[in-house]
Amino acid sequence: MLEKYQQHSGKKLWDAKHENLSAEIERIKRENDNLQIKLRHLKGEDLNSLNPRELIPIEEALQNGMTNVRAKQMDFLKMLKLNGKMLEEENEKLAYYLHHQELAMERNRHGCHQGGTDYASEVQMALGVQPMQPNLQLAK
């Protein structure tokens, strides 16, 4: 229709640049259609129209995808196990510190300091904390 108008009016509506763009649009539309068909095939749709030779690459792609998914799941499970183990170890450590702190507080409550040590040093020992600077007064 546009060609007839151009012939009768003598005006050129499309130049070479527009023709190239039009051809590029058509090429992209065809490529999109082909990709849509491949996607449907990978999803298991419209397989009846394919012959066994065309099914082989689809099967291989699906098997590769499953292998990658399983590997990713295994990595995730390993990470969960490692995190769980680290949390268990941290929990045991904190339970140990809490137990020793409770013992120190119980001894302090009953006035049963061992060997004349004070409560602060017992808590430091229970928590595994060392003073930043030595207590020079105890060195006398």
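These legends accompany several views of a predicted model of one protein chain.

**View 1. The whole chain, an all-helical fold pattern of α-α-α-α along the sequence.** The protein chain holds four helices and zero strands. Of its 140 residues, buried ones make up just 6%. About 13,000 Å² of the chain is exposed, with carbon and sulfur atoms supplying 57% of that area. Among contacts with a separation of 6 or more, 16% join residues 24 or more positions apart.

**View 2. Confidence along the chain, from helix H3 to helix H4.** Mean pLDDT for the protein chain is 82, and 74% of the residues score at least 70. Here is a handy guide for your eye: H3 has the highest mean among the elements, at 94, while H4 (residues 119-127) has the lowest, at 57.

**View 3. Helix H3 from end to end, residues 52-110.** Does the length add up, you may wonder? At 1.5 Å a residue, the 59 residues of H3 should span 87 Å, and the end C-alpha atoms lie 86 Å apart, so the two values agree.

**View 4. The two ends of H3, with asparagine 51 at the start and glycine 111 just after the helix.** A side-chain oxygen of asparagine 51 comes within 2.9 Å of the backbone nitrogen of arginine 53. Past the other end, glycine 111 adopts a positive phi of about 70°.

**View 5. Aspartate 46 in the loop between helix H2 (16-42) and H3.** Take a look at the backbone here: phi of aspartate 46 is near 55°, a positive value in a residue other than glycine. Most residues other than glycine have a negative phi. With a relative accessible area of 44%, aspartate 46 is partly exposed.

Key. Residues numbered from 1 in each chain as written. Predicted model: local features only at pLDDT ≥ 70, side-chain atom pairs only at ≥ 80, totals over all residues. Heavy atoms only, no water. Expected span 1.5 Å × (residues − 1). Polar contact = N/O pair within 3.5 Å; in protein donor to acceptor, adjacent residues only side chain to side chain. Buried < 20%, exposed > 50% of the residue type's maximum accessible area, 1.4 Å probe, protein only. pLDDT = per-residue confidence, 0-100. Contact = heavy atoms within 4.5 Å. Areas by Shrake-Rupley, 256 points an atom, 1.4 Å probe, with all protein chains shown as cover.
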